[in-house]
Amino acid sequence: MSNGQKQLNAWSGTFGEKYVERNNVTLEVIEKRRYAFNHIFEHIEDSDAPGSILEAGCNIGINIHALSQITDAALHVVEPNQTALNVLLESGVVPASQAHQGSLQALPLKDSEIDLVFTSGVLIHIPDDVLEIALSEIHRVSRKYILALEYFSPDPHTVPYHGHTDFLFKRDYGSLFLDTFSDIEHVANGFFWRRTTGLDNLNWWLFRKKIN
Ligand SMILES: C[S@@+](CC[C@H](N)C(=O)[O-])C[C@H]1O[C@@H](n2cnc3c(N)ncnc32)[C@H](O)[C@@H]1O
């Protein structure tokens, strides 16, 4: 079995269920994500604000709760783990028609269907053999913006993660996007330091498809 399939099976199954058990949608965690998205959206002109947003790998939807409080954009999600998706659906924050079980290997959305497509702590779990297709799927579905909030390292390496040695990667995801797609440009990037934001030392990169 390929590493990509092994990873997807794990997140869809028991390994993914345990992640759902470890996490909760609380006012405190939503507030931290609200801070993050408000900060990032300062780099988008009001006149160019996304009318639709997709989170690929949303889990129980902490980011989606935060986004629902700060934007009027139509929110869409894709998540491989059905239990996680059910938790989000029960909250009513996203209509069932905009919530899909699926993966970055094959996003169940049309080309350029969504104004802003983002991942948060998801690309870090995508192994080498499917990383290119994952980035291509994000790029394919995005009409305007691509946003990644992921751990950074200038040199790609793996980090032990809940008993696995090949389930968590750190890389320069910003350069990967820029070097892979010639039709996107850097808008902004930054770092959410745990000491000041409570977020998990996350790097973020915002790109936009070039206007012809
Ligand atoms: C660390 S959690 C992050 C959850 C959420 N994005 C957040 O920031 O709170 C990783 C999520 O990515 C999902 N995931 C794992 N592999 C995926 C894949 N190949 N395509 C899409 N999502 C995936 C997992 O099921 C899990 O929900």
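The legends below describe close-up views of a predicted model.

**View 1. The open sheet of seven strands.** Seven strands make up an open sheet, and their pairing is mixed. Read across the sheet, the order is S3-S2-S1-S4-S5-S9-S8. Strand S3 (99-101) and strand S8 (184-192) occupy the edges. Each of these two has a single partner strand, so one side of each is left without a neighbour in the sheet. From one strand to the next, the twist averages 15°.

**View 2. The pairing of strands S8 and S9.** Strand S9 (residues 202-209) pairs with S8 in the antiparallel sense, and eight bridges join the two. Within this pairing, Phe191 stands opposite Asn203 of S9.

**View 3. Helix H5 on the sheet.** Helix H5 (residues 82-91) lies across two strands, S2 (74-79) and S3. The helix runs at about 170° to S3.

**View 4. The packing of helices H2 and H5.** H5 also packs with helix H2 (residues 14-22), at an angle of about 35°. The axes of H2 and H5 are 8 Å apart. On the H2 side, Gly16, Glu17 and Val20 take part in the contact, and they meet Thr83, Ala84 and Val87 of H5. By class, the residues of this contact comprise three nonpolar, two polar and one charged.

**View 5. The packing of helices H3 and H4.** Two packed helices are described by the angle between their axes and the distance between the axes. For helix H3 (residues 27-41) and H4, the angle is about 60° and the axes are 8 Å apart. H3 is therefore oblique to H4. The crossing of these two helices is right-handed. H3 contributes Val29, Ile30, Arg33, Arg34, Phe37 and Asn38 to the contact. From H4 come Ile62, Asn63, His65, Ala66, Leu67, Gln69 and Ile70. Seven nonpolar, four polar and two charged residues form the contact of H3 with H4.

**View 6. The surroundings of the ligand.** There are 22 residues around the ligand, of which Gly57, Asn59, Ser103, Leu104 and Ser120 come nearest. Helix H1 (3-12) and helix H4 (62-70) are the elements that give two or more residues to this shell. The largest share, three residues, belongs to H1. By class, the shell holds ten nonpolar residues, eleven polar residues and one charged residue. H4 thus appears in two of these settings: it packs with H3, and it gives residues to the shell around the ligand.

Technical notes:
Residues are numbered from 1 along each chain as its sequence is written. This is a predicted model: local features need pLDDT of at least 70, side-chain atom pairs count only at pLDDT 80 or more; totals for chains, interfaces and linings use all residues. Two strands pair if DSSP finds at least two bridges between them. Helices (H or I, at least four residues) and strands (E, at least two) are DSSP runs, numbered from the N terminus. Axes are lines fitted to C-alpha atoms, for helices over the stretch in contact, and angles run from 0 to 180 degrees between N-to-C directions. Two residues are in contact if their C-beta atoms, placed from the backbone, lie within 7 Å. A residue is near a molecule or strand if its C-beta atom, placed from the backbone, lies within 6 Å of it. Ala, Val, Leu, Ile, Met, Phe, Trp, Tyr, Cys and Pro count as nonpolar, Asp, Glu, Lys and Arg as charged, and the others, Gly among them, as polar. Angles under 35 degrees count as roughly parallel, over 145 as roughly antiparallel, 65 to 115 as roughly perpendicular and the rest as oblique. A crossing is left-handed if the near helix is turned anticlockwise from the far one by less than a right angle, and right-handed if clockwise.
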